[in-house]
Amino acid sequence: MAGMVWLKYYTGVLEESDEVQEILEEHGFEGCGRYWALLGILGKKFNGENETILLPNRFLRSCLRFRSRLKLRSYLLSSSLQPVFKVIEKDNDYLFDTSILLELKSRDFKIARDTRSSRAHKIK
């Protein structure tokens, strides 16, 4: 498997998620956009099994449009983002815990499985 090809966006997530609300309050809509961009980046790197993903500082700065290392570091290690991504700074890279992706994958799989079985045509 070459990573997640898609990642569902759950409607109402801004109202329902305390974590996303905290990111919105601390970083505004720009920070919230970076949150979804980061989730997309991790989704592309996620193979469905790995527990962590290591991403270089320079790569993240480019993808998330941060001009300085300090601003990227401040964003990634902020108190509002930590409960969601569990980031560890390692030399000049960032190590991400992928439990959020495992949880989303598990939830999507269960939903898809239920939908598929309820819509299946029975052979007579």
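Lys-86 is partly exposed in this predicted model, with a relative accessible area of 40%. This residue sits in the loop between helix 5 (82-85) and strand 2 (87-90). Although Lys-86 is not a glycine, its phi is positive, at about 45°. A second residue of this kind lies a little further along the chain: Asp-91, again not a glycine, has a positive phi of about 55°. Asp-91 is placed in the loop between strand 2 and strand 3 (93-97), and with a relative accessibility of 77% it counts as exposed, because the cut-off for that class is over 50%.

It helps to set these two loops within the whole chain. Six helices and three strands make up the secondary structure, and from the N terminus on the elements follow the order α-α-β-α-α-α-β-β-α. Of the 124 residues in the chain, 35% are buried. When contacts between residues at least 6 apart in sequence are considered, 61% of them join residues at least 24 apart.

Helix 2 (residues 18-45) deserves a closer look. This helix has 28 residues, yet its end C-alpha atoms are only 26 Å apart, whereas a straight helix would reach 40 Å at 1.5 Å a residue. Helix 2 also contains a kink of about 125°, centred on His-27. The buried residues of helix 2 include Val-20, Ile-23 and Leu-24. Further along the helix, Gly-31, Cys-32, Arg-34, Tyr-35, Leu-38, Leu-39, Ile-41, Leu-42 and Gly-43 are buried as well. Arg-34, a member of this buried set, returns below as a partner of Phe-66.

Helices 3 and 4 offer a packed pair to examine. Two packed helices are described by the angle between their axes and the distance between the axes. For helix 3 (residues 57-64) and helix 4 (residues 69-76), the angle is about 85° and the axes are 10 Å apart. Helix 3 is therefore roughly perpendicular to helix 4. The contact of these two helices is formed by four nonpolar, one polar and two charged residues. On the helix 3 side are Asn-57, Leu-60, Arg-61 and Leu-64, which meet Arg-69, Leu-72 and Leu-76 of helix 4.

The loop between helix 3 and helix 4 holds Phe-66. This residue counts as buried, because its relative accessibility is 11% and the cut-off is under 20%. Setting aside residues up to four places away in sequence, Phe-66 touches Arg-34, Arg-61, Lys-71, Leu-72 and Tyr-75. Two of these partners, Arg-61 and Leu-72, are also among the residues through which helix 3 and helix 4 meet. Arg-34 lies 32 residues from Phe-66 along the chain, and the C-alpha atoms of the two are separated by 9.9 Å.

A final loop residue to consider is Thr-98, found between strand 3 and helix 6 (99-119). Thr-98 counts as buried, with a relative accessibility of 1%. Apart from neighbours within four places in sequence, Thr-98 is in contact with Phe-46, Asn-50, Glu-51, Thr-52 and Ile-53. The loop residues described here thus cover each class of accessibility, because Phe-66 and Thr-98 are buried, Lys-86 is partly exposed and Asp-91 is exposed.

Note on methods. Residues numbered from 1 in each chain as written. Predicted model: local features only at pLDDT ≥ 70, side-chain atom pairs only at ≥ 80, totals over all residues. Heavy atoms only, no water. Helix = DSSP H or I, 4+ residues; strand = E, 2+ residues; numbered from the N terminus. Expected span 1.5 Å × (residues − 1). Bend = angle between axes of the 7 residues up to and from the residue. Buried < 20%, exposed > 50% of the residue type's maximum accessible area, 1.4 Å probe, protein only. Axes fitted to C-alpha atoms, helices over the stretch in contact; angles between N-to-C directions. Parallel < 35°, antiparallel > 145°, perpendicular 65-115°, else oblique. Contact = heavy atoms within 4.5 Å. Nonpolar A, V, L, I, M, F, W, Y, C, P; charged D, E, K, R; others polar.
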